[in-house]
Amino acid sequence: MRRTVFDGDHESFRNVLRAFIEAEVGPHYQEWFEAGLVPREFYFKLAELGLFGINVPEEYGGAGLDTHKFEAIQYEETSRAGVTFGGSGVHVLLALPYLKMLATEEQQRRFLPKFVSGDEMWALAMTEPGTGSDLAGMKSTARRSEDGFHYVLNGAKTFITGGVHADRVIVCARTAPPREDDRRFGISLFAVDTKSEGYCVGRKLDKLGLRTSDTAELSFSDVVVPAEDLLGEENQGFSYLGRNLPSERWGIAYGAYAQAAAAVRFAKEYTQQRTVFGKEVASFQNTKFELAACQAKVDAMQAVADRALEALDAGELTPAEAASAKLFCTEAAADVIDRCLQLHGGYGYMNEYPIARLYADNRVNRIYGGTSEVMKTIIAKNMGL
C-alpha cells in the first residue's frame, strides 16, 4: 500500500540523518553502549544538524515548523541502524511541548535559544520512588517564600531519562495539599537549574536496555527556585501533564513500530547469510512463514502509527486514541522482535548483534508513558465500560 505520510522534504532529511548516523554514531556506538551514556558533546552535533529546533519558533533560532514527522523519521532511522541518541528524545519530545505551551514570552526568550543550540539540555522529572504511574501521589514539595520571590524545593525523583546530562529539568512538585474532592490539585511545574545548590544527581541507573540513554535518580534539598521559573499557573500542573500525554504515547508507539520494522530487516539479512545443513536459513519454510507473519504485523503497526501521526499533527489525537496506538504497537512489536531474535539462534542473544540490543531496548515501551494495563483502562473508559 502506498505510504503518503512523508513528502520530498522529509525524505531529504532522512538521507541527511542516515549519513550522519553512519559517520557520527556507528563508529562510536559500542563505546557509548559500554559507558552507559553518550558524551555531552554529542548533543552539540545533534543541535548543529538542526534536530533540536525543528518545532521551535524562528525568532528563537528554530525552523518554526509544527510537525512530528521529522521525529518519526528519527525513530525509523535510529532503529534501522540499531542505535539511539541518548536522552535527546526527552529534550525534544517531552520537554519542548511544555515550554511552548506554558512558558511566558520572557521565559521563552531565556530558554529556547539555548534549547536549540544544545547549550541547555532539558529533562522531565515526574516519577517518584513509590508512586510509579500514580502522579497525583507525588510527595515532592515546593514551598513559596513569604516574600513570594522564590520557592524552596524538596523531594526525590527516579527513572529520569536525560537526568545525568540535563542542564534544566522540568520538575513536578506539590505547592498545595490535594483537595478531598480532587487529589490532583496542588501540583506545579518548575524549570529547575541543575546547578542550583541542593540539587543532586544520584545514581546513574543500570538499565536492562536503552543503555546509551542516561537515566538517573534526582534529589532536592532546599533548592531555591526563582518564582519566574514557575511554568504555567500554580497548582494546575496535573492538567498540563495530561495535555502532553497523547504526544508522548504516540512517540512510544511510533518508536515501537520502528523497532519492529528494523528487527524484521535484521532477521531477514541474517537468515539470508546464515547456513544450516548446507542451506540458507532463509530458505526453510518455517523462516519464510515467521518473517511473513512478522512483516504483516509491521504493516499493521505502520498504518496505526502513521494514522496517529497525522492526527497528532492536526491536533486531533485523543487520549484514548493515543492509548490504543501505544497498546497495539508496543505489544505487537514485542512479539515481532522476540520472533526475529529466535531466528538468529544463539547469536541473537549476543549484544554485538543489534537484534539483542533491540530486544532489551523495546521492553520498556510497555512500561513507561503508562503501562499497557493503564492503556487498557483508558481505552475501556472511553468505551463506556
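A good place to start in this predicted model is helix α8, which covers residues 285-313. With 29 residues at 1.5 Å a residue, α8 should span 42 Å, and its end C-alpha atoms are indeed 42 Å apart, so expectation and model agree. Several residues of α8 are buried, namely T287, L291, C294, V298, M301, A305, D306, A308, L309, A311 and L312. The spacing of such a list can be read with the geometry of a helix in mind: an α-helix has 3.6 residues a turn, so residues three or four places apart point the same way. The cover over the buried residues of α8 includes three other helices, α4 (69-81), α7 (237-273) and α9 (319-343). Just after α8 comes G315, which takes a positive phi of about 75 degrees.

Helix α7, one of the elements covering α8, has 37 residues. The distance from its first C-alpha to its last is 53 Å, close to the 54 Å expected at 1.5 Å a residue. Along the way, α7 has a kink of about 35 degrees at L245, shortly before the proline P246. Of the 37 residues of α7, 27 are buried, and the helix is therefore largely enclosed by the rest of the structure.

Helix α5 (residues 88-102) offers a second example of a bend beside a proline. The 15 residues of α5 reach 21 Å from first C-alpha to last, close to the 21 Å expected at 1.5 Å a residue. The bend is about 40 degrees and sits at A95, with the proline P97 following within four residues. Most of α5 is covered, as 12 of its 15 residues are buried. These are S88, V90, H91, V92, L93, L94, A95, L96, P97, Y98, L99 and L102.

The residue at the bend deserves a closer look. A95 has a relative accessible area of 0%, and because buried means under 20%, A95 counts as buried. Leaving out residues up to four places away in sequence, A95 touches V90, W122 and I170. For a sense of scale, the C-alpha atoms of A95 and F220 are separated by 20 Å, with their positions 125 residues apart along the chain.

Attention can now turn to the empty spaces in the model. A search of the whole structure finds 1 cavity of 30 Å³ or more. The volume of the largest cavity is about 40 Å³. Its lining is made up of Y43, G87, M121, W122, G162, H165, A166 and D214, and W122 is also a contact of A95. Sorted by class, this lining has 4 nonpolar, 3 polar and 1 charged residues.

The second largest pocket holds about 430 Å³ of space. It is lined by 21 residues, and the closest to its centre are D66, H68, P97, S247 and L312. The helices described above return here: α5, α7 and α8 each supply at least two residues of the lining. The largest share, 6 residues, comes from α5. By class, the lining of this pocket has 9 nonpolar, 6 polar and 6 charged residues. Among the residues closest to the centre, P97 is the proline that follows the bend of α5, while L312 is one of the buried residues of α8.

Two residues stand out for their backbone angles. D222 has a positive phi of about 50 degrees although it is not a glycine. D222 lies in strand β7 (residues 215-226), and its relative accessibility of 48% makes it partly exposed. F277, likewise not a glycine, has a positive phi near 55 degrees. F277 is found in the loop between β9 (275-276) and β10 (279-280), where a relative accessibility of 77% makes it exposed.

A charged residue in a loop completes the picture. D229 lies between β7 and β8 (230-231). With a relative accessible area of 5%, D229 is buried. Apart from its neighbours within four places in sequence, D229 is in contact with Q107, R110, F111, R168, L189, F190 and A191. D229 and E59 are 170 residues apart in sequence, and their C-alpha atoms are 21 Å apart in space.

Methods:
Residues are numbered from 1 along each chain as its sequence is written. This is a predicted model: local features need pLDDT of at least 70, side-chain atom pairs count only at pLDDT 80 or more; totals for chains, interfaces and linings use all residues. Side-chain values use heavy atoms; hydrogens and water are left out. The expected span of a helix is 1.5 Å times one less than its number of residues. Buried means under 20% relative accessible area, exposed over 50%, partly exposed in between (1.4 Å probe, protein chains only). Contact means heavy atoms within 4.5 Å. The bend at a residue is the angle between axes fitted to the seven residues ending there and the seven starting there. On a 1 Å grid over the protein atoms alone, a cavity is a set of points where a 1.4 Å probe fits but cannot get out, and a pocket is an open set with protein on both sides within 12 Å along at least five of seven lines; lining residues have an atom within 4 Å of a point. Grid points are joined across faces, edges and corners, and a volume is the space filled by probe spheres set on the points. Ala, Val, Leu, Ile, Met, Phe, Trp, Tyr, Cys and Pro count as nonpolar, Asp, Glu, Lys and Arg as charged, and the others, Gly among them, as polar.
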